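Q: Please examine one part of the structure shown here in close detail. Then relate that part to the rest of the chain in a single connected account.

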Amino acid sequence: MDLKDRSACSGIILKNATVLTMDNHEVLQNCDIRCRDGIITETGHDLAPGGDRVIDASGRYIMPGLIDGHVHFDQDYMGILFLAAGVTSVRNMRGYAEHEDRIRRIRAGELDGPYIESTGPIFDGVDPNIPEDDNWIVQTFDEVERGISYTKEHGFRFMKTYPSLRPDVYRFLMRRCADEDLPVSGHMTKTIRHEELVDLGYYCCEHSSSLPREEEVIRYCAKAGMWYCPTQLVCETLPDYVWNGKRLEDLEKWDVLPGCVQEEWLRRNEVISESYRKQNIRPDIRVIINRGRVFMEHSDLVIAGSDCAYPGIIPGFALWTELEKLVSLYGMSNEEALLAATARPARCMKLGGRKGRIVPGMDSDLIILKENPLSDIRGIASVETVVRGDKVYTQEYFARELEKVHSLTGITEPAFGTGTIK
Ligand SMILES: [Zn+2]
């Protein structure tokens with residue numbers, strides 16, 4: 001490890017930047033930020049260096065590190081990609097023992113990567129919508145209890161459900177998770193009414209495609225205080241790759257992926273596309289965007305998420321595209337979109353007092369940008385330097401580490417489970 005580039009020192013002072021605090025619309029001009037031991041200790045003008053390492057940020061914009069509100073951090077290589085894109089925290093949407101281990105290694109400094117909060121495994125009923133071997137089919141109250149125990153034992157603070165849980169099992173799970181303070185997120189329901197699920201405390205709807213069809217039901221969910229994560233980019237992969245002739249190889253950041261992951265994505269994408277073509281599934285993307293827009297008319301509890309690393313969704317960098325889509329397709333202002341990737345997901349992850357805003361006392365997760373994303377959301381792609389905790393990551397460091405990632409070999413799909421709860 002070259003300490004020059006990714007230095008761990010107790011004090012850093014970032015000088016003379018325009019600071020987008022993401023707190024009460026506040027933008028601070030010619031502002032310095034002091035960080036010590038991974039915490040923002042002070043903001044203000046002309047702070048004395050006092051022995052801290054000085055980083056000149058004149059002419060630059062500093063905002064809180066981005067939070068990707070929906071990821072599957074299933075392979076180690078993804079960690080440096082997140083950081084290179086300015087993503088300093090993630091909400092991992094399916095957690096097993098290996099994720100607990102990854103969280104530990106990142107915390108210990110053995111692996112470069114973002115801060116992680118995770119759900120436990122995905123719980124589903126028989127006749128699953130998305131048959132995946134790794135999801136847990138839960139059919140009895142006893143299995144619900146074991147699922148809750150597993151989730152808590154591994155240090156995960158959220159639960160995730162798919163829509164096919166049997167009504168009595170779903171109601172029991174919702175009540176028990178409320179007792180255990182484990183918020184439940186996922187693809188909502190096809191077995192009980194959406195209104196009832198939300199009344200039972202359903203915490204966050206993942207994907208625009210999981211929102212209810214009827215506008216009044218969407219309004220009910222929004223007004224009840226449920227969170228919502230659109231993941232627009234992944235919703236578009238079906239029409240784009242199956243019907244619109246889009247190619248993975250044309251993705252702007254395709255080359256940052258390890259060669260073996262590129263091969264794996266091409267193979268999986270072909271299998272997925274073939275199956276959709278056979279079934280002639282042609283979703284109208286405008287329909288699901290409209291559902292999201294209805295939600296946003298009644299609530300600002302919206303978080304940006306990418307759903308990486310589904311084929312076509314490149315860890316870290318896909319969040320930039322997602323933010324552009326929240327502005328161009330959902331009509332969010334640039335500031336709303338930035339909030340959806342900072343202060344809002346921090347609150348959703350129950351980290352509002354630690355992350356997502358630049359205020360003394362918060363974690364020093366910061367990104368330095370060349371361009372102002374408040375004036376043009378595409379400015380988010382001008383990430384220059386990333387501070388996460390007490391570490392400073394430079395472009396030189398990223399270039400070297402991404403080169404290593406690209407030449408990795410032998411990464412295969414991880415196998416988590418057997419589909420039956422242990
Ligand atoms: Zn997902």
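A: In this predicted model, Ser 275 has a relative accessibility of 32% and therefore counts as partly exposed, since that class lies between the limits of 20% for buried and 50% for exposed. Ser 275 belongs to helix H8, which runs over residues 259–279. Its C-alpha atom is separated by 33 Å from that of Val 87, a residue 188 places away along the chain.

Thr 237, a residue of helix H7, offers a second point of reference. Its relative accessibility is 8%, which is why Thr 237 counts as buried, the limit being 20%. When neighbours within four places in sequence are set aside, Thr 237 is in contact with Val 242, Tyr 310, Pro 311 and Ile 313.

Helix H7 also leads to the part that merits the closest reading, helix H9. H7 (232–243) is among the elements that cover the buried residues of H9, and helix H6 (215–223), strand E14 (227–229) and helix H10 (317–328) are others included in that cover. The buried residues of H9 are Ile 288, Ile 289, Arg 291, Gly 292, Val 294, Phe 295 and Met 296. Arg 291 is thus listed as buried alongside Ile 288 and Phe 295.

The length of H9 can be checked against its residue count. The helix holds 14 residues, 285–298, and at 1.5 Å a residue it should span 20 Å; the C-alpha atoms at its ends are 21 Å apart, so the two values agree. The expected value follows because the rise is multiplied by one less than the number of residues. At the N-terminal end, Asp 284 acts as the cap of H9, with a side-chain oxygen 3.0 Å from the backbone nitrogen of Arg 286.

Beyond H9, the loop between H9 and H10 contains Ala 309. The peptide bond that joins Cys 308 to Ala 309 is cis, and its omega is near 5°.

A zinc ion is coordinated by the NE2 atoms of His 70 and His 72 and by OD of Asp 307, at 2.1 to 2.3 Å. Along the sequence these donor residues follow the spacing H-x1-H-x234-D. His 70 is part of strand E7 (residues 66–71), whereas Asp 307 sits in the loop between H9 and H10, so the pair ties together parts that are 237 residues apart in sequence. His 70 and Asp 307 are both buried.

On the scale of the whole chain, the domain assignment gives domain 1 as 1–65 + 356–407 and domain 2 as 72–352. Their C-alpha centres are 28 Å apart. Across the boundary, 30 residues of domain 1 are in contact with 35 residues of domain 2. The two domains bury about 2600 Å² between them, and 66% of that area is on carbon and sulfur atoms.

Two backbone angles complete the account. His 25 is a residue other than glycine with a positive phi, near 60°, and it lies in the loop between strand E2 (11–20) and strand E3 (27–36). With a relative accessibility of 62%, His 25 counts as exposed. Lys 350 likewise has a positive phi near 60°; this residue is found in the loop between helix H12 (343–348) and strand E15 (365–369). Its relative accessible area is 45%, so Lys 350 is partly exposed.

Key:
Residues are numbered from 1 along each chain as its sequence is written. This is a predicted model: local features need pLDDT of at least 70, side-chain atom pairs count only at pLDDT 80 or more; totals for chains, interfaces and linings use all residues. Side-chain values use heavy atoms; hydrogens and water are left out. Helices (H or I, at least four residues) and strands (E, at least two) are DSSP runs, numbered from the N terminus. Buried means under 20% relative accessible area, exposed over 50%, partly exposed in between (1.4 Å probe, protein chains only). Contact means heavy atoms within 4.5 Å. A polar contact is a pair of N or O atoms within 3.5 Å; within protein, one must be able to donate a hydrogen and the other to accept it, and residues adjacent in sequence count only if both atoms are side-chain atoms. Donors are N, O and S atoms within 2.8 Å of the metal (3.2 Å for Na, K and Ca); water is not among the atoms, so sites may look incomplete. Domain bounds come from an automatic or database domain assignment. Buried area is the accessible area (1.4 Å probe) that two parts lose on being put together, summed over both.
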